Amino acid sequence: MIQIRGLSKSFGSFQALKGIDLTIAKGTVFGFVGPNGAGKSTTMSILATLMAPDSGIAMVDGFDVTKHPHEVRKRIGYMPDFFGVYDQFKTMEYMHFYGASYGIPKAERDELIPNLLELVNLSDKKDAYVDTLSRGMKQRLCLARCLVHDPELLILDEPASGLDPRARIEMREILKELKTMGKTIIISSHILPELAEMVDEIGVIEHGLMRAIGNVNEIQNRLRVKRYLHIRLLDKMDEAETFLRDRPHVNKLLREEDKINVHFGGGDEEQAELLRSMMSYGFEIVSFSEAQSNLEDVFLEITRGGADPS
Ligand SMILES: Nc1ncnc2c1ncn2[C@@H]1O[C@H](COP(=O)(O)OP(=O)(O)OP(=O)(O)O)[C@@H](O)[C@H]1O
């Protein structure tokens, strides 16, 4: 669905994209993650035909975004990170406005729009003025608007940003629904653990370069991040940190207020040995647990330069 080769874009002397490559198959939900200013929005704007690259190629469903923007626009629904919602419209009117812009006949819109509003849980707000909607509702309305022409590809730039936890969960449920409908989705986010359960693949971008692409497990394996141990102690945190740094298979330590998180490269036996050694040294251990590494850990690992993902 998406093919990007050597995509570059500069703003003045600043190089926002430095030749990125990316392939996303049809039906994939792709999580696009990276720190602020990494180049996510720039890449998405180019895919949405709103910005021309300086060099390189971006194709959507076989159409070049710069040569055939109209073909591309028919196939995509784009949700920008900042959007206006034409406050003087009621929800229903707003949807009709977008539907009409895509040339969808009124009779068809009359059938389609209530279904879309239901999908995004806004049926009861159909007669409300857009400016009276909450932020979460506006974001869901924007998503419904993206779906009006039944695009195959959704390009969603931080659709959950600024939402409270409940609104985020609602947004995530809608995205899961779209996934089951077979849409290809590229979604950027800072809320990484939330992406983990719905994305098929992730791409990590930093300073305009793709640092890693693959499914979460593949990337973890590539980074050789085996397991994460959370160790809570009654006291002697500094001493424990020094002790742990010298132990075998301890790749990295992250200190939190009341616990030490260890990136551990060993297996069960080595882990048991680590616990044994801490006990015999005299540390008073409150808990010693193993956590599944999640998308956030992977992201931190890559962007802190803790391991070479290549
Ligand atoms: N129109 C512009 N003019 C000048 N610089 C720009 C412009 N658009 C983006 N940039 C710069 O390009 C870099 C990449 O920006 P981009 O918005 O793509 O990042 P991002 O990964 O989406 O970050 P965020 O998560 O903060 O939205 C940033 O340093 C940004 O300041």
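Begin by selecting Leu274, which you will find in helix α10, the helix that covers residues 268-281. Bear in mind throughout the tour that this is a predicted model. With Leu274 still selected, look at what surrounds this residue: 21 other C-beta atoms lie within 10 Å, and because the cut-off for burial is 20 or more, Leu274 counts as buried. Then add Thr23 to the selection, a residue 251 positions away from Leu274 along the chain, and you will see that the C-alpha atoms of the two are separated by 42 Å.

Next, colour the chain by domain, with residues 2-220 as domain 1 and residues 226-292 as domain 2. The centres of domain 1 and domain 2, taken over C-alpha atoms, are separated by 41 Å.

Now move to the ligand and select the residues around it, which are Phe11, Phe14, Ala16, Gly34, Asn36, Gly37, Ala38, Gly39, Lys40, Ser41, Thr42 and Asp81. Sorted by class, this shell holds six polar, four nonpolar and two charged residues. Both β2 (14-24) and α1 (40-47) supply at least two residues of the shell, and the element that gives the most is α1, with three residues.

Finally, select helix α5 (residues 135-146) together with helix α6 (residues 165-180), whose axes lie 10 Å apart and which pack at an angle of about 15°. Since angles under 35 degrees count as roughly parallel, that is how α5 is placed relative to α6. If you look down on the pair so that one helix passes in front of the other, the crossing of α5 and α6 is right-handed.

Key: Residues numbered from 1 in each chain as written. Predicted model: local features only at pLDDT ≥ 70, side-chain atom pairs only at ≥ 80, totals over all residues. Helix = DSSP H or I, 4+ residues; strand = E, 2+ residues; numbered from the N terminus. Buried ≥ 20, exposed ≤ 12 C-beta atoms within 10 Å, placed from the backbone. Near = placed C-beta within 6 Å. Nonpolar A, V, L, I, M, F, W, Y, C, P; charged D, E, K, R; others polar. Domains from an automatic or database assignment. Axes fitted to C-alpha atoms, helices over the stretch in contact; angles between N-to-C directions. Parallel < 35°, antiparallel > 145°, perpendicular 65-115°, else oblique. Left-handed = near helix turned anticlockwise from the far one by under 90°.
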